[in-house]
Amino acid sequence: DQYIDCTSGVERLVTCQNHLVFDDKTGDCEHPDAANRPGCTAEELYGFTCPNSIGQARYAADSDCRAFFTCGVFTNYHPRLGGCPVNSVFNPSSQACDQPENVPGCEKYYDSP
């Protein structure tokens, strides 16, 4: 997602970083759940839909041991992508980042191929 910023008569192309998308309403880069722009919704981008439940929870991403989705009232129950710091992975049991050896299926996540 990119847009043109014009400051003091100088145009520059701005690219949204960190999985953000351009929001037509705010004129800035936002989380897909906040922008909720057709074609760029969190559900369309990530292929994940939050369960219909009350409360807030995190769900592991199938494609990456470090990644998880947060679903809650502050995201209007659209998934928001998050990630764990390097050398840790998401542990669905504790709902937090953890050592790879503590998460079944992610024990060798940082091992060299």
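# Aromatic pairs, a salt bridge and a surface patch

Visitor: Why does F48 count as buried or exposed?

Guide: F48 has a relative accessibility of 18%. Buried means under 20% relative accessible area, exposed over 50% and partly exposed in between, with a 1.4 Å probe and protein chains only, so F48 counts as buried. Please keep in mind that this is a predicted model, where local features need pLDDT of at least 70 and side-chain atom pairs pLDDT 80 or more, while totals for chains, interfaces and linings use all residues. Residues are numbered from 1 along each chain as its sequence is written, and side-chain values use heavy atoms, without hydrogens and water.

Visitor: What makes two rings an aromatic pair, and how many are there?

Guide: Rings of Phe, Tyr and Trp (its six-membered ring) pair if their centres lie within 6.5 Å; planes under 30 degrees apart are stacked, over 60 edge-to-face, and the rest tilted. That rule gives five aromatic pairs. F48 and Y59 are one of them, with 5.8 Å between centres and 40 degrees between planes, so the pair is tilted. F48 sits in the loop between α2 (42-46) and β5 (57-60) and Y59 in strand β5, so the pair ties together parts eleven residues apart in sequence. Helices (H or I, at least four residues) and strands (E, at least two) are DSSP runs, numbered from the N terminus.

Visitor: How do you know whether Y59 is buried, exposed or partly exposed?

Guide: Y59 has a relative accessible area of 25%, so Y59 is partly exposed.

Visitor: What kind of pair do F68 and F90 form?

Guide: Their centres are 4.8 Å apart and their planes differ by 25 degrees, so the pair is stacked. F68 is in strand β6 (residues 67-71) and F90 in strand β8 (residues 89-91), 22 residues apart. Both F68 and F90 are buried.

Visitor: What makes R80 and D33 a salt bridge?

Guide: A salt bridge needs a side-chain nitrogen of Lys or Arg within 4 Å of a carboxyl oxygen of Asp or Glu. The closest N and O atoms of R80 and D33 are 2.8 Å apart, so the two form a salt bridge. R80 lies in strand β7 (residues 80-83) and D33 in helix α1 (residues 32-35), 47 residues apart. The structure holds one salt bridge.

Visitor: How does Y77 count: buried, exposed or partly exposed?

Guide: Y77 is in the loop between β6 and β7. Its relative accessibility is 32%, so Y77 counts as partly exposed.
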